[in-house]
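User: I'd like to understand how the labels used for this model follow from the numbers. Could you take me through a few of them?

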Amino acid sequence: MIPTTLYERMALRKELKVFVQGKALYPPVSLKQLETLATEFVSQKGLSSDLISWLMVEINNQLWVDIIATIPHERRLLMLPKCLSKHGGCKGEYDEYGLLCHRCGSCLIPSLQDKAEELGALSIVAEGFTQVIELIENNVVDAVIGVSCLDSLEKAFPLLVSHAVPGLAVALNDAGCIDTHVDNDYVVELLSMINPEVHTLLDHQAVRDRIDNWFKREELECMFGSRDDRTMNVCLDWMIKGGKRWRPYLLCAVYQAITGDVNMNEDVHRSAVAVECFHKASLIHDDIEDKDMERYGLPTVNALYGDAYAINAGDALLGEGYRILAQSNNVELVRLIADAHSALCKGQGAELQWCADPHPIDLDFSLDVFRNKTVPAFEVSLLLGLACTGNNLHLRPMLKEYSEALGIAYQLKDDLEDFTQDNELAVRPSAVYALRCMHPQWNDEEVRTEIETMVGDYKQKALDALNDLDCLELKRLLYQVTEKILK
């Protein structure tokens with residue numbers, strides 16, 4: 001439900017501004033937190049609970065409005081719905097980007113687009129927000145001011161929140177898709193606002209491009225040193241193959257989000273290469289232990305050279321990782337890697353021990369394996385990036401809590417993807433196998449539903465861990481990482 005009159009809507013927007021300013025809130029915030037805030041506001045003001053969806057949108061606006069004011073107009077996008085056009089009289093045509101307005105003057109669309117053009121902002125008339133995400137990920141725009149019906153906003157809003165898009169949304173005042181109306185002056189006000197203190201958002205693609213360059217063979221040869229032996233050639237071949245390089249990316253992005261330094265220093269470079277050395281070494285050893293013959297659609301190191309040579313190559317990468325980090329003056333980097341290395345081996349050891357003597361388990365056992373085997377891979381990258389900043393150690397407990405929840409959610413999702421009706425997953429202590437042991441009467445669908453619920457719960461725990469984080473770019477980064485990893 002939307003407040004009936006313009007006076008009511010504007011009055012509530014003013015009250016929401018005061019309400020939000022009274023909270024220690026930093027964008028982005030999760031849908032759960034927005035709903036909690038809207039419910040609290042409804043209770044305080046004695047309003048109808050039917051307003052909660054509209055209030056969630058407006059609270060989110062209040063959280064982002066000062067940030068978006070610092071984003072230049074030319075980096076903003078105004079998105080309008082076709083249902084603002086005159087029903088039955090619109091002569092506009094659609095292309096792949098949206099409506100091509102014929103500017104007949106029968107609706108508000110031309111005047112709003114003229115205002116956007118006057119300010120230097122982009123504008124499109126289209127349905128759905130998928131295009132917005134693509135424009136932001138492709139670094140075309142940084143922020144969106146979107147107009148849509150409340151029903152459409154309720155569907156698109158989770159997408160905008162989960163991707164931490166700096167956005168303001170204005171709901172249409174009418175239900176349905178015919179001859180709708182919007183608070184035009186309010187849209188113009190949001191579009192026009194400007195703060196001379198310009199805020200530049202983190203360019204994630206630039207971070208990835210830098211990392212891709214670091215992992216070219218010639219760059220790695222410089223880092224590893226000129227050593228023309230077969231083992232090192234195997235290691236180099238393995239380092240440049242496949243994978244999304246999530247760990248170096250997280251490390252570099254955390255550093256840049258906190259410091260704003262686009263020229264990442266040598267410690268960041270060394271740490272990024274080292275953390276990938278450890279990751280690729282763990283994959284070699286995993287493939288040996290699991291007797292896997294293929295990874296990235298290519299033969300594994302053990303398939304190509306045999307187990308003994310593969311063990312040696314994995315050990316060589318571990319040695320290179322420690323050697324590279326030891327060149328830094330920051331001993332904390334070595335300690336963090338060593339702690340993660342030990343935890344991973346502990347988790348892998350628990351799994352191997354179970355595989356040697358399979359027995360019924362419960363979820364506590366399975367989750368404990370995850371905490372040691374999967375969580376350190378996420379945690380160490382974030383903590384290395386933090387350590388490279390030289391301070392901000394107060395963020396460590398928050399990042400550890402976030403990493404634990406994200407790592408468990410990731411492994412649960414992985415278990416779910418591996419779960420098929422003809423695969424009982426009794427080959428390792430998975431969450432699926434644990435639920436089978438605990439609830440032998442459950443059918444496949446009940447097991448799937450329970451794990452899906454757990455993935456959602458741990459994803460929310462990861463986001464909840466960030467509630468008090470006051471670094472905009474770091475919080476945006478971790479929201480986006482959560483969405484991409486758990487998508």
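Analyst: Happy to; the questions below take the labels one by one, and please keep in mind that this is a predicted model.

User: Why is V140 called partly exposed?

Analyst: Its relative accessible area is 35%. Buried needs under 20% and exposed needs over 50%, so V140, at 35%, is partly exposed. As for its place, V140 sits in the loop between α5 (130–137) and β5 (143–148). Leaving aside neighbours within four places in sequence, V140 is in contact with R75, L122 and L135.

User: What makes C252 count as buried?

Analyst: C252 has 0% relative accessibility, and the cut-off for buried is under 20%, so C252 counts as buried. C235 gets the label by the same reasoning, because its relative accessibility is 1%.

User: How do you know that C235 is in no disulfide?

Analyst: A disulfide needs two cysteine sulfur atoms within 2.5 Å. For C235, the nearest cysteine sulfur belongs to C277 and is 8.1 Å away, so C235 does not qualify. C252 fails too, because its nearest cysteine sulfur, that of C388, is 8.2 Å away. By this rule, the count is 0 disulfides.

User: Which residues have the most contacts inside the largest nonpolar core?

Analyst: They are F224, L412 and L474, in a core of 97 residues. Helix α12 (residues 266–290) gives the largest share of this core, 11 residues. Beyond four places in sequence, F224 touches several residues, including M232, V273 and C277. Another core, of 30 residues, lies apart from it, with W64 and C149 among them.

Terms used
Residues are numbered from 1 along each chain as its sequence is written. This is a predicted model: local features need pLDDT of at least 70, side-chain atom pairs count only at pLDDT 80 or more; totals for chains, interfaces and linings use all residues. Side-chain values use heavy atoms; hydrogens and water are left out. Helices (H or I, at least four residues) and strands (E, at least two) are DSSP runs, numbered from the N terminus. Buried means under 20% relative accessible area, exposed over 50%, partly exposed in between (1.4 Å probe, protein chains only). Contact means heavy atoms within 4.5 Å. A nonpolar core is a set of buried Ala, Val, Leu, Ile, Met, Phe, Trp, Tyr and Cys residues joined through side-chain atoms within 4.5 Å.
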